[in-house]
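Here are my notes for you, point by point. Have the structure open while you read, and find each residue as it comes up.

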Number of protein chains: 2
Amino acid sequence: MARTPAGIAPIDDRLLNTAIDHFGRQGLEGASTRAIAAAAGTTMSSITYHYGSKQGLYLAAAKHIANQMGERMTPALAASESQSRAGESSEAAVDALLTIIDRFAEMLVHPESAVWARFIVREQMEPTEAFDVLYGGLMGRLVGYLSSLVVRISAGRCDDAEARLKTLAIVGQALVFRVARATLLRATGWDDVAPAGSEAIRRVIREHTRAILSSVRGDIAP
Amino acid sequence: MARTPAGIAPIDDRLLNTAIDHFGRQGLEGASTRAIAAAAGTTMSSITYHYGSKQGLYLAAAKHIANQMGERMTPALAASESQSRAGESSEAAVDALLTIIDRFAEMLVHPESAVWARFIVREQMEPTEAFDVLYGGLMGRLVGYLSSLVVRISAGRCDDAEARLKTLAIVGQALVFRVARATLLRATGWDDVAPAGSEAIRRVIREHTRAILSSVRGDIAP
DNA sequence: GTCTATAGTCGGATAGAC
DNA sequence: GTCTATCCGACTATAGAC
């Protein structure tokens with residue numbers, strides 16, 4: 001049986017993706033291992049066999065999300081770190097930050113992230129130990145890296161604590177288009193987010209982020 | 001038995017608030033009418049009596065959220081509309097928009113909004129007919145109003161469709177501090193959002209929003 | 001209006017066949 | 001490893017006492 005580089009067999013992969021979907025919609029308690037197993041084409045006791053319990057599957061699902069998000073963001077993170085190191089200028093840091101934000105926005109408007117987001121947002125608003133898995137995977141590193149870029153861009157105007165709040169606010173501009181998806185569709189009259197809409201969203205986020213970072217640099221009066 | 005102006009008796013109010021909490025955490029299917037009734041100090045069959053069914057209670061809970069959010073935002077909305085009408089200048093429109101955003105941010109950092117947010121975000125990412133109730137209550141009106149301010153601030157530089165995307169991105173800066181609460185706490189090292197933290201968050205959002213709107217007015221090069 | 005009692009379904013965990 | 005069978009608890013909805 002062929003295994004992926006991550007060591008996950010196709011059957012486990014299918015079970016994990018189904019689990020993410022069900023847990024994301026109904027939570028740990030609300031989701032049913034019977035329904036997850038049936039949707040993945042197997043039976044409930046295979047969950048017990050592979051993951052020990054319902055909660056074991058839940059934590060494995062969180063790890064699977066962290067791995068997949070890491071795969072999506074790693075190239076952009078490498079490119080950004082390269083841009084960041086290319087020059088000491090704050091312009092280089094702005095570009096490095098925009099590289100990450102734009103890739104993050106692209107991920108969030110992509111349909112693939114819908115199931116991840118349901119799981120993650122649930123953990124954000126009512127954390128369990130699965131949040132440690134999610135935050136330890138990529139999020140924490142990303143927040144720290146982006147905040148350090150903001151500090152550099154500000155040239156000492158804002159301290160680390162303020163930079164972290166600024167980072168979250170900037171990220172929130174992208175997050176809203178996934179988390180408030182129903183409002184997006186109502187407000188725009190769209191049936192779904194077509195490629196043109198996705199481009200328009202990313203352009204708005206880039207423009208806003210540039211404007212915010214310009215003000216951080218002191219280009220405009222506060 | 002004294003009734004509130006909204007015509008909701010204390011017992012119903014307690015039942016509805018409990019329902020919002022349980023439904024927000026576990027969803028329509030996951031939540032248990034027995035548990036909701038017990039936590040509200042009554043029995044399951046009183047839910048059937050008052051709301052017909054579990055889903056009837058769910059819709060009533062959505063309406064209750066819409067009403068409460070309306071109460072919180074109405075004064076700011078009235079003040080904002082007054083500011084907006086006070087002058088034709090785009091500065092007046094900026095102030096009017098900031099009034100709404102700041103009040104919205106204040107609501108989102110307040111602990112009270114945690115239970116509402118769990119319910120609403122669930123409906124955002126997996127809408128049912130309860131979302132019609134939520135969106136029809138306040139959200140739709142607010143998005144339309146803020147977008148019209150953005151159009152006015154831009155002085156024709158962006159059309160209505162782009163203004164709506166910009167509005168959502170701006171709102172997202174506030175939303176993130178509720179929706180990604182666990183990340184906020186990890187990133188800052190806070191145990192909770194103390195008054196000083198709440199002030200810092202709102203200041204960042206105001207500064208960013210001013211910077212974004214300045215760029216919309218063409219104060220800085222795109 | 002609020003309660004208890006009951007019917008019928010579905011949940012997770014486990015044991016054991018193969 | 002994957003399945004069936006079974007245990008026992010919890011669920012919604014309803015009927016009916018008071």
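1. Start with A:Gly197, which lies in helix H10 of chain A. Helices (H or I, at least four residues) and strands (E, at least two) are DSSP runs here, numbered from the N terminus. Is A:Gly197 buried or exposed? Neither quite: A:Gly197 is partly exposed, because 18 other C-beta atoms lie within 10 Å. The cut-offs are 20 or more such atoms within 10 Å for buried, 12 or fewer for exposed, and partly exposed in between, with C-beta atoms placed from the backbone. Its C-alpha is 9.3 Å from that of A:Val109, although 88 residues separate the two along the chain.

2. A quick word on what you're looking at. This is a predicted model, where local features need pLDDT of at least 70 and side-chain atom pairs count only at pLDDT 80 or more, while totals for chains, interfaces and linings use all residues. Residues are numbered from 1 along each chain as its sequence is written, and chains are lettered from A and ligands numbered from 1 in the order in which they are written.

3. Now the pair of chains. A turn of 180° with a shift of 0.0 Å along the axis lays chain A on chain B, at an RMSD of 0.0 Å (a least-squares fit on C-alpha atoms of residues with pLDDT of at least 70 in both copies). The two copies are therefore related as by a two-fold rotation axis. In chain A, the C-alpha nearest that axis belongs to A:Gly30, at 2.1 Å.

4. Next, where the chains touch. Chain A puts 53 residues into the contact and chain B 53 residues; contact means C-beta atoms, placed from the backbone, within 7 Å. Which helix of chain A gives the most to this side? H8(A) does, with 14 residues. By class, the side of chain A that touches chain B has 29 nonpolar, twelve polar and twelve charged residues. Nonpolar covers Ala, Val, Leu, Ile, Met, Phe, Trp, Tyr, Cys and Pro; charged covers Asp, Glu, Lys and Arg; the others, Gly among them, are polar. The copies meet through the same surface, because 100% of the interface residues of chain A are also interface residues in chain B.

5. Finally, the DNA. 15 residues surround strand C, the closest being A:Ser32, A:Lys54, B:Thr42, B:Thr43 and B:Ser45 (near means a C-beta atom, placed from the backbone, within 6 Å). Two or more residues each come from helix H2 (33-39) and helix H3 (44-51) of chain A and helix H3 (44-51) of chain B. Around strand D there are 15 residues, and the closest are A:Thr42, A:Thr43, A:Ser45, B:Ser32 and B:Lys54.

Note on methods:
Contact = placed C-beta atoms within 7 Å.
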